[in-house]
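Morning, everyone. Please bring up the sequence and the model, and keep both in view while I talk.

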Amino acid sequence: MTHAKVGDSQRGEDPSVRALEQYAASLFGKEEALFVPSGTMGNLVSVASWTRPGDIIVASESSHVAGREGPGISNLAAVAILGIDTPGGIFTADDVARAIEEAPLRSRAKVRLVTAENTHNAGGGTIFPIASLRRIHSLCRKTGIPVHIDGSRIFNASVASGVTPADYGKVCRSLMFCLSKGLGAPVGSIVVGSRDFLEEARSVGVRIGGGMRQSGIVAAGGLYALRNNVRRMAEDHEHAKALAQSLADLPGIEVINAPVETNIVLFRWRMPTVSLPEFQEALHERGVLVDDRSFPFFRAVTHLGIGKKEIARAVRAFRQVFGRAAA
Ligand SMILES: Cc1ncc(COP(=O)(O)O)c(C=O)c1O
């Protein structure tokens, strides 16, 4: 990153950004790619490029697009989100067909986009089966509806399932993935797709303030991550499985997404015996931070900053704190 060659990326003149975009597009077998500051912006420019105000998009009800980004997308792309409620956030072509049929009953608006999240965050890093994605893509192609993959963690899906990025590229018209998160780059996400789609996405990106200048500095970190940090994600999955196994052995702890598929462990403390601040303090003293969003439900995510030592430390802390509370 300190040696990155830079230029004005908004004018397509930053060599480091261009190298990253070209490499990313080639990995997924797509014509072009766009480097954006965040996954949220990558999804927004994709949705806004495929739709017009008043359209409907179909997504799993628990998806990031529908939940966390819903207000932004509804406000800025002015689309309605039709949620499919399925376990783990994974849906089938039949679910999509039903949603498309139902939509006109609710309003005169039309479904213009289907988005699938792979892996599915809220479902616990669940992998969208490639066979389902193929069927959804083929159904949507018949009706002229593009499929967008929110592939924030697509490389976790790829490493765990053996399905290549190019195969994922074949079952969608656009795909967003994050260079941050498990890949370990400090900043940034990528949208890949056809030249026409990217032309629109670029112009939407500039309109919403995503046109960056000498962003080659961060793009260089992204390119390094893509070249060096994909295969090692298998270790993250092993660490997550080890964590889940140790947690499942603790009294009063239920691992919600067993067996763990990728790098996310969801678990629940059935009958908490201490308050959240007491719990946080006890863990903090043992070197583990817990946020206060969903106590007594927890989400632990492994990545390249977490090794065997850190997993062992977390397990020790949980064992002491949960064990002490149970005693
Ligand atoms: C599935 C999914 N999509 C999109 C995002 C948004 O990414 P960012 O935080 O870079 O905006 C996240 C972030 O957690 C996510 O989990």
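**Two aspartates, two spaces, and the cysteines**

Asp55 comes first. It sits in the loop between α2, residues 39-50, and β2, residues 56-60. One caution before I go on: this is a predicted model.

Is Asp55 buried or exposed? Its relative accessible area is 9%, so Asp55 counts as buried. What does its side chain reach? One partner is a backbone atom: the nitrogen of Arg52, at 2.7 Å. Another is a side chain: Asp55 makes a polar contact with the side chain of Arg112, at 3.4 Å. Now the wider surroundings. Leaving out residues up to four places away in sequence, Asp55 touches Ala78, Val79, Ala80, Lys110 and Arg112. So Arg112 turns up twice, in the contact list and as a polar partner through its side chain.

Next, Asp95. This one is in a helix, α4, residues 93-106. Asp95 is buried too, with a relative accessible area of 15%. The cut-off for buried is under 20%. A polar atom of the Asp95 side chain lies 2.9 Å from the backbone nitrogen of Thr92. Which residues does Asp95 touch, not counting those up to four places away in sequence? Ile84 and Thr86. Take Ile84. It is 11 residues from Asp95 along the chain, and the two C-alpha atoms are separated by 7.2 Å.

On to empty space. Rolling a probe the size of a water molecule over the atoms shows where empty space is left.

Start with the largest pocket. Its volume is about 1,200 Å³. How many residues line the largest pocket? The count is 43. Those nearest the centre are Asp291, Arg293, Arg299, Ala300 and Val301. Several elements give two or more residues to this lining: α2, β9 (264-269), β10 (297-301) and α12 (308-326). You met α2 a minute ago, on one side of the Asp55 loop. As for chemistry, the pocket lining divides into 18 nonpolar, 14 polar and 11 charged residues.

Now the closed space. How many cavities of 30 Å³ or more are there? The count comes to one. The largest cavity holds about 40 Å³ of space. Its lining runs through Ser152, Arg153, Ile154, Phe155, Asn156, Cys178, Ser180, Lys181, Gly182, Leu183 and Met233. Which helix gives the most to that lining? Helix α6, residues 154-161, with three residues. By type, the cavity lining has five nonpolar, four polar and two charged residues.

Notice Cys178 in that cavity lining. That takes me to the cysteines. A disulfide is a covalent bond between the sulfur atoms of two cysteines. How many disulfides does a search of the whole structure find? Zero.

Why is Cys172 not in one? The closest cysteine sulfur, in Cys140, is 11 Å from the sulfur of Cys172, and that is too far for a bond. The cut-off is 2.5 Å between sulfurs. Cys178 is in no disulfide either. Its nearest cysteine sulfur belongs to Cys172, 15 Å away.

And their exposure? Cys172 has 3% relative accessibility, so it counts as buried. Cys178 has 2%, so it is buried as well.

To recap. Asp55 is buried, with a relative accessible area of 9%. Asp95 is buried, at 15%. The largest pocket has a volume of about 1,200 Å³. The largest cavity has about 40 Å³. And the disulfide count is zero. Over to you for discussion.

Terms used: Residues are numbered from 1 along each chain as its sequence is written. This is a predicted model: local features need pLDDT of at least 70, side-chain atom pairs count only at pLDDT 80 or more; totals for chains, interfaces and linings use all residues. Side-chain values use heavy atoms; hydrogens and water are left out. Buried means under 20% relative accessible area, exposed over 50%, partly exposed in between (1.4 Å probe, protein chains only). Helices (H or I, at least four residues) and strands (E, at least two) are DSSP runs, numbered from the N terminus. A polar contact is a pair of N or O atoms within 3.5 Å; within protein, one must be able to donate a hydrogen and the other to accept it, and residues adjacent in sequence count only if both atoms are side-chain atoms. Contact means heavy atoms within 4.5 Å. On a 1 Å grid over the protein atoms alone, a cavity is a set of points where a 1.4 Å probe fits but cannot get out, and a pocket is an open set with protein on both sides within 12 Å along at least five of seven lines; lining residues have an atom within 4 Å of a point. Grid points are joined across faces, edges and corners, and a volume is the space filled by probe spheres set on the points. Ala, Val, Leu, Ile, Met, Phe, Trp, Tyr, Cys and Pro count as nonpolar, Asp, Glu, Lys and Arg as charged, and the others, Gly among them, as polar.
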